[in-house]
Amino acid sequence: MRHKDRVRLLAAVLASIAVVVPLGLLWWSSLPPSAYSVMDMGYADYGGGPHDHAMGATADGSGAGGTVSVADLTEHTSRPADVLVHLVARKQSVRLADGRLIDGYTLNGSTPGPQITVTVGQLVEVHVHNESVPDGITVHWHGVDVPNAEDGVAGVTQDAIPVGGDFTYRFAAPHVGTYWYHSHQVSHEQVAGGLFGALVVLPKHPERDVRDFTALAHSYDGIPTVNGRPHGTTVEASPGQTVRVRLVNTDNVPLLAWSDAAYRLVAVDGYAVHDPGTVTGRTVEVPAGGRADVQVTAPADGSATRVNVGPSTWLTIGPAGATSRPVPVPDRALDLLAYGTSAPLPFDPGKPDRRFVYDIGRRVGLMDGKPGFWWTVNGHLFPDMPMFVVRRRDVVLIRISNHSGVVHPMHLHGHHAVVLARNGVRSTGSPWWVDSLDVDDGDSYQIAFLADNPGIWMDHCHNLEHATQGLVTHLMYEGVTEPFRVGGPSHNHPE
């Protein structure tokens, strides 16, 4: 081989190495370990607040030395439960109300699972047995600000419950409202397949003469249903009676609801709207995972009114045998930024201790060794995501913005946040409390919350397919550790 040919060959080899080696390193860096702690993901973001690089803090997360494990952040009471529930999870075929048979999952032989109804302050104890769900299960109490050990997230707050295994959750119902529970292990499959149910926390003195009806909107294999029933559902109400419809969106996409009668939106994500006004000719948008309590009144003449829950399912509200007519979709939406009237907040968002940015985008890259068009947070691909670090009693301000091309229903575990502004427009209505917030493409929200529930909490998109594609971060209190691992022998897969 001539000298010039050797030089050309060497140059070609070196050029190939220059390309292949960085690509190989990039591929290698995209692979998470077979078992890892979420505390080791990405990088710590302290939001401009004080911090101890050694993560020393008191057991209450206030930042003064000492640590506490997630597993010890339980409901510290030995008193007997006020409400005792047993749930048995199975993988089995499910027959819808119209006779169609689908493959899925059940709780106590049905889907949705049984509604759990408690009174605020009562101690709830739920025994969960996994009879035949092969990937294991957990139960997450969506929207309920439970102690961290009861949050039900595989690999973060517990190990998945294997086939034949059991787990017991105990928590005092902290706040009146409409909530739901669902699996948080391989949740994009298990929730879609039916592992969910409603949790309703009633006030100590419920409203008199108001009919209460929970409507779980869910699509089974693309079939829209309310409480497992396609098409229409009758809610019996006497003429002139008020009905509180508790709408729960268990799907991955926004749900629009509307009525042919005037209504009031009385609660969002479990929190009451202050001074809710009468609404006509407008839709209510319920984010994936979100809830909306709507009050309507049955017509005084004995006829029925209709509440649409999405485009092809509805509730007929009126006496037995009454029918309702289709209702066109209004072309306007109710804007919660200006609905209701203002009321004092329990903290001052004008004096935050931490300021975080949660900027959602999308780009080509590698995730878990796979090339694709993946979601990003602050420009980073999973698992190189921010870990938002706080101390107990911090006032936290977050700007969530989205330029990814699609809507994302963002869900923070363990806390409720108040919406302060959207696209620079300040809230002027009732305090808009959320645990599930739709952030549409091009929108930017400013939200705030009080860090009052120590632990390690997921903060993710509740389009659960998006979560499997990397749209997951965490909120962590200083001084909290966790013994659980994603992956590993317990096969924990929280999304």
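Mentor: Two strands are said to pair if DSSP finds at least two bridges between them. Please keep that criterion in mind as we examine this structure, which is a predicted model.

Trainee: How do you know that β28 and strand β34 are paired?

Mentor: Three bridges join β28 to β34 (residues 456-461), and the two run antiparallel. Pairing requires at least two bridges, and three bridges satisfy that requirement, so the term applies. Within this pair, H411 stands opposite H460 in β34.

Trainee: What makes β28 and β32 a pair as well?

Mentor: Four bridges link β28 and β32 in the antiparallel sense, and the threshold is at least two. H411 has S436 as its bridge partner in β32, while M410 stands opposite L437 in β32. H411 therefore has a partner on β32 and also one on β34.

Trainee: Why are β2 and β32 called edge strands of their sheet?

Mentor: The sheet is open and has six strands in the order β2-β26-β35-β34-β28-β32, with mixed pairing. β2 (43-45) and β32 (436-439) each have a single partner strand, so one side of each is left without a neighbour in the sheet. From one strand to the next, the twist averages 25°.

Trainee: What makes β28 a mostly covered strand?

Mentor: Five of the five residues of β28 are buried, where buried means under 20% relative accessible area. Both faces are covered: H408, M410 and L412 on one side, P409 and H411 on the other. That division matches a general pattern. In a regular strand the side chains alternate between the two faces of the sheet.

Trainee: How many cavities are counted in this model?

Mentor: The count is six cavities of 30 Å³ or more. The largest cavity holds about 120 Å³ of space. Of the 13 residues that line it, I400, M410, L412, I447 and D459 are the closest to its centre. Two or more lining residues come from each of β27 (395-402) and β28 (408-412), and the largest share, three residues, comes from β28.

Trainee: What makes the space lined by Y36 and F382 a pocket and not a cavity?

Mentor: A cavity is a set of points from which a 1.4 Å probe cannot get out, whereas a pocket is an open set. The space in question is the largest pocket, which is lined by 27 residues; Y36, F382, T468, H493 and E495 lie nearest its centre. Its volume is about 580 Å³. At least two lining residues come from each of β24 (370-377), α3 (464-468), β35 (472-477) and β37 (486-487).

Trainee: Why are L265 and I317 said to belong to a nonpolar core?

Mentor: The name is reserved for buried residues of nine kinds, Leu and Ile among them, joined through side-chain atoms within 4.5 Å. L265 and I317 are members of the largest such core, which has 81 residues; together with L315, Y358 and W432 they touch the most other members. Leaving aside residues up to four places away in sequence, I317 touches V235, A237, V243, V245, V296, A298, P299, S303, A304, T305 and V307. Apart from this core lies another, of 35 residues, including V128, V139, V144 and Y179. In soluble globular proteins, nonpolar side chains tend to be buried together.

Trainee: How do you know that strand β11 is mostly covered?

Mentor: Six of the seven residues of β11 (residues 196-202) are buried, each lying under 20% relative accessible area. β11 pairs in the parallel sense with β6 (residues 116-119) over four bridges, and L202 in β11 is the bridge partner of T119. Six bridges also join β11 to β10 (residues 177-182), these two running antiparallel; here Y181 has G197 as its partner.

Trainee: What makes the sheet β5-β4-β7-β9 an open sheet of mixed pairing with edges?

Mentor: The sheet consists of four strands in that order. β5 (101-107) and β9 (166-172) each have a single partner strand, so one side of each lacks a neighbour in the sheet. On average, neighbouring strands are turned by 20° against each other, direction ignored. One of the pairs is antiparallel: seven bridges join β4 (residues 83-95) to β5, and R90 stands opposite T106 in β5.

Methods
Residues are numbered from 1 along each chain as its sequence is written. This is a predicted model: local features need pLDDT of at least 70, side-chain atom pairs count only at pLDDT 80 or more; totals for chains, interfaces and linings use all residues. Side-chain values use heavy atoms; hydrogens and water are left out. Axes are lines fitted to C-alpha atoms, for helices over the stretch in contact, and angles run from 0 to 180 degrees between N-to-C directions. Buried means under 20% relative accessible area, exposed over 50%, partly exposed in between (1.4 Å probe, protein chains only). Contact means heavy atoms within 4.5 Å. On a 1 Å grid over the protein atoms alone, a cavity is a set of points where a 1.4 Å probe fits but cannot get out, and a pocket is an open set with protein on both sides within 12 Å along at least five of seven lines; lining residues have an atom within 4 Å of a point. Grid points are joined across faces, edges and corners, and a volume is the space filled by probe spheres set on the points.
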